Amino acid sequence: MLFLMQGPASVSEIISHLDVSQSNLSNHLAVLKNAGLIKSSSAGRQKIYELANHDVAQLIELLYNMQQNNSTKPQKMIKPIQCARTCYDHLAGKFGVALFEKLVEKKAIQHPEGIAGKDGQFFSKELELGPDAAGVFSGLGVDLTMLANKRRRFAFGCLDWSERTPHLAGALGASVCNSFFDNKWIARKANTRAIAVTTSGKQALKNLVGLDVDWIS
């Protein structure tokens, strides 16, 4: 399920990543599909699997948060994507958290009850646009008017499993992520959810929201 967080994948790609037998994988995929957690489509002779929807992605992130403190999983599986990654369709890791904090600082997003930006109560709570939202998000290439009729939560703080503080999720978080890819400010690293911030992306973020991400390779 974590592997599918980065996007659709064929059976052969999943087998290669997980190093399991096809029969074992098929059994697991059937269980997940029957439970409504994943869906499949055909592309020629290939069967392509993906998460059923963004709610499933949030569920995975929540479950990962619950077990993280007692996890005995080797750290080498976590470190490559702690810095900057996608969480289904929004930005996460140190990069996503830093961006979230800048958006709060720039009064682009806020909690309705005025909770401070680093407060844990931001986790999974609905967010609203701040007084300077229009200018900030316009600069980031996000058309807020296009999000009004999206059939998903508008914006909320998703607790980042590696940083333990929120990053921006929901329709707004997805639009920010899509805009960054469209503008080529970020790029995917091969076979992982990890992302790189491009030279133009680093300059744009510094100019637009004062976010210095020169530490991201």
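## A first look at this predicted model

Strand E9 (residues 166-169) is covered on both faces: Pro166 and Leu168 are buried on one side, and His167 and Ala169 are buried on the other. In a regular strand, side chains alternate between the two faces of the sheet. Please keep in mind throughout that this is a predicted model.

E9 has an antiparallel partner in strand E8 (residues 156-159), joined to it by four bridges. One of the pairs to look for is Leu159, whose bridge partner in E9 is Pro166. E8 and E9 form a hairpin with six residues between them, and Arg164 in that turn has a positive phi of about 65°.

Now step back to the whole chain. Its secondary structure comes to seven helices and 11 strands. Of the 217 residues in the protein chain, 43% are buried. When contacts between residues at least 6 apart in sequence are considered, 57% of them join residues at least 24 apart. The chain exposes about 11400 Å², with carbon and sulfur atoms supplying 51% of that area.

Another place to visit is an open sheet of three strands, in the order E1-E3-E2 and with antiparallel pairing. Its edge strands, E1 (9-10) and E2 (38-43), each pair on one side only. E2 and strand E3 (residues 46-51) pair in the antiparallel sense over six bridges; among the pairs, Ile38 has Leu51 in E3 as its bridge partner. Strands of a sheet pair through backbone hydrogen bonds.

Helix H7 (residues 199-209) comes next. Its buried residues are Gly201, Lys202, Ala204, Leu205 and Val209. Seen down the helix axis, the buried residues of H7 fall within an arc of 165°, so they line one face of the helix. In an α-helix there are 3.6 residues a turn, so residues three or four places apart point the same way. The face of H7 turned away from the buried side carries the exposed residues Thr199 and Asn207. What covers the buried residues of H7 includes helix H4 (93-105), helix H5 (133-139), helix H6 (170-182) and strand E11 (195-197). Just after H7, Gly210 takes a positive phi of about 70°.

Two residues other than glycine in loops also deserve a look, and the table sets them side by side.

| Residue | Phi | Loop | Relative accessible area |
|---|---|---|---|
| Tyr88 | near 65° | between strand E4 (85-87) and strand E5 (90-92) | 22%, partly exposed |
| Lys107 | about 60° | between H4 and strand E6 (109-110) | 48%, partly exposed |

Why does Tyr88 count as partly exposed? Its relative accessible area is 22%, and partly exposed covers the range between the 20% limit for buried and the 50% limit for exposed.

Finally, look for empty space inside. A search of the whole structure finds two cavities of 30 Å³ or more. The largest cavity has a volume of about 90 Å³. Which residues lie nearest the centre of the largest cavity? They are His54, Gln58, His90, Arg152 and Phe156, from a lining of 14 residues. Helix H3 (54-68) and E8 each supply at least two residues of that lining, and H3 gives the most, with four residues. The tour thus returns to E8, the strand that four bridges join to E9.

Notes. Residues numbered from 1 in each chain as written. Predicted model: local features only at pLDDT ≥ 70, side-chain atom pairs only at ≥ 80, totals over all residues. Heavy atoms only, no water. Pairing = 2+ DSSP bridges. Buried < 20%, exposed > 50% of the residue type's maximum accessible area, 1.4 Å probe, protein only. Arc of directions from axis to C-beta. Contact = heavy atoms within 4.5 Å. Areas by Shrake-Rupley, 256 points an atom, 1.4 Å probe, with all protein chains shown as cover. 1 Å grid on protein atoms, 1.4 Å probe; cavity = no way out; pocket = protein on both sides within 12 Å on 5 of 7 lines; lining within 4 Å. Points joined across faces, edges and corners; volume = space filled by probe spheres on them.
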